[in-house]
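Trainee: Could you take me through one part of this model in detail? I would like a close look at the largest pocket, and then at how the rest of the chain is arranged around that picture.

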Amino acid sequence: ILDHGSCIWRLAVSFDGKFIASAGSDNTVKIWKFPTGDLVNTFTHNQLIRCVVFSNDNQIVASGSDDGSITVWEVATGKLINKFKVHSAPVCSVIISPDNQTIISGSNDTSIKITHISMGEMLHVIKAHTHIVQSLALSTDNQMLISCS
């Protein structure tokens, strides 16, 4: 049982199946060993966390918060890699590119933004929706971004 002590908004499973990340209304992301449920690390945001994702090499985890920020941590050490605010409203969905260089995020501000992880520099803005961007996914060949609103 994963106990946040509060509501869990989103779960993510590492690509190797060894860890689960939970994003909670207690402003934390918790990393758990799977299947034991042992707590490995806790990362803190300033506000409620709506989304969390592992990189495809399982080395980093990224999360999006109600304050419009995205935070990236190293899974093994808990080291903060970067924190940036590219949205003006809560971040509802984050995905990490297959090369682990960029984060694609969707927000209540109706935008999708692509940001370089290490530099924190916004690379592209996609304005395809008029309502909240709830979810994002990449096609299996990584050639197409799918979004829903």
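Mentor: Happy to. Let us begin with the strands that build the pocket. Strand S1 (8-13), strand S5 (49-54), strand S9 (91-96) and strand S13 (135-138) each contribute at least two residues to the lining of the largest pocket. Among these contributors, S13 gives the most, with three residues. Please keep in mind as we go that this is a predicted model.

Now look at the pocket itself. Its volume is about 300 Å³. The lining of this largest pocket is made up of 17 residues, and the ones that lie nearest its centre are Phe-15, Val-53, Ile-95, Ile-96 and Leu-138. If you sort the lining by chemistry, you find 11 nonpolar residues, six polar ones and no charged ones.

With the pocket in mind, step back to the whole chain. The protein chain has 14 strands and zero helices, and reading along the sequence gives the pattern β-β-β-β-β-β-β-β-β-β-β-β-β-β. The radius of gyration is 14 Å, close to the 15 Å that the globule rule gives for 149 residues, so the chain is as compact as a globular protein of that length. Along its principal axes, the C-alpha trace spans about 40 × 30 × 25 Å. Buried residues account for 50% of the 149 residues.

Leu-138, one of the residues nearest the pocket centre, also gives us a way to reach another part of the chain. Leu-138 and Asn-41 are 97 residues apart in sequence, and their C-alpha atoms are 28 Å apart in space. Asn-41 lies in strand S4. Its relative accessible area is 19%, and the cut-off for buried is under 20%, so Asn-41 counts as buried.

Strand S4 is worth a pause, as it takes part in the aromatic pairing. The structure holds one aromatic pair. Its partners are Phe-43 and Trp-73, and the two rings are stacked, with 4.5 Å from centre to centre and 10° between the planes. Phe-43 lies in strand S4 (residues 39-44) and Trp-73 in strand S7 (residues 69-74), so the pair ties together parts that are 30 residues apart in sequence. Both Phe-43 and Trp-73 are buried.

Another ring has a charge for company. The charged end of Arg-50 sits over the ring of Trp-9, 4.6 Å from the ring centre. If you go back to the strand ranges, strand S1 (8-13) and strand S5 (49-54) are the ones to look at here, and each supplies at least two residues of the pocket lining.

Next, follow the chain just before S4. Pro-35 is found in the loop between S3 and S4, and the peptide bond leading into it from Phe-34 is cis, with omega near 15°. On the other side of that loop, strand S3 (residues 28-33) holds Val-29, which is buried at a relative accessible area of 0%. The C-alpha atoms of Val-29 and Thr-110 are separated by 24 Å, with their positions 81 residues apart along the chain.

That takes us to Thr-110 and its surroundings. Thr-110 is in the loop between strand S10 (102-107) and strand S11 (112-116). Its phi is near 75°, a positive value in a residue other than glycine. With a relative accessibility of 14%, Thr-110 counts as buried. Further on, in strand S11, you meet Thr-115, which is buried too, at 0% relative accessibility. Thr-115 and Ser-105 are 10 residues apart in sequence, and their C-alpha atoms are 8.2 Å apart in space.

To finish, return to S13, the strand that gives the most to the pocket lining, and follow the chain out of it. Asn-142 is in the loop between S13 and strand S14 (145-148). Asn-142 also has a positive phi, of about 60°, although it is not a glycine. At 39% relative accessibility, Asn-142 counts as partly exposed, whereas Thr-110, in its own loop, counts as buried.

Key:
Residues are numbered from 1 along each chain as its sequence is written. This is a predicted model: local features need pLDDT of at least 70, side-chain atom pairs count only at pLDDT 80 or more; totals for chains, interfaces and linings use all residues. Side-chain values use heavy atoms; hydrogens and water are left out. Rings of Phe, Tyr and Trp (its six-membered ring) pair if their centres lie within 6.5 Å; planes under 30 degrees apart count as stacked, over 60 as edge-to-face and the rest as tilted. Helices (H or I, at least four residues) and strands (E, at least two) are DSSP runs, numbered from the N terminus. Buried means under 20% relative accessible area, exposed over 50%, partly exposed in between (1.4 Å probe, protein chains only). A charge sits over a ring if NZ of Lys or CZ of Arg is within 6 Å of the ring centre and within 35 degrees of the ring normal. On a 1 Å grid over the protein atoms alone, a cavity is a set of points where a 1.4 Å probe fits but cannot get out, and a pocket is an open set with protein on both sides within 12 Å along at least five of seven lines; lining residues have an atom within 4 Å of a point. Grid points are joined across faces, edges and corners, and a volume is the space filled by probe spheres set on the points. Ala, Val, Leu, Ile, Met, Phe, Trp, Tyr, Cys and Pro count as nonpolar, Asp, Glu, Lys and Arg as charged, and the others, Gly among them, as polar. The radius of gyration is taken over C-alpha atoms; the globule rule is 2.2 Å times the number of residues to the power 0.38.
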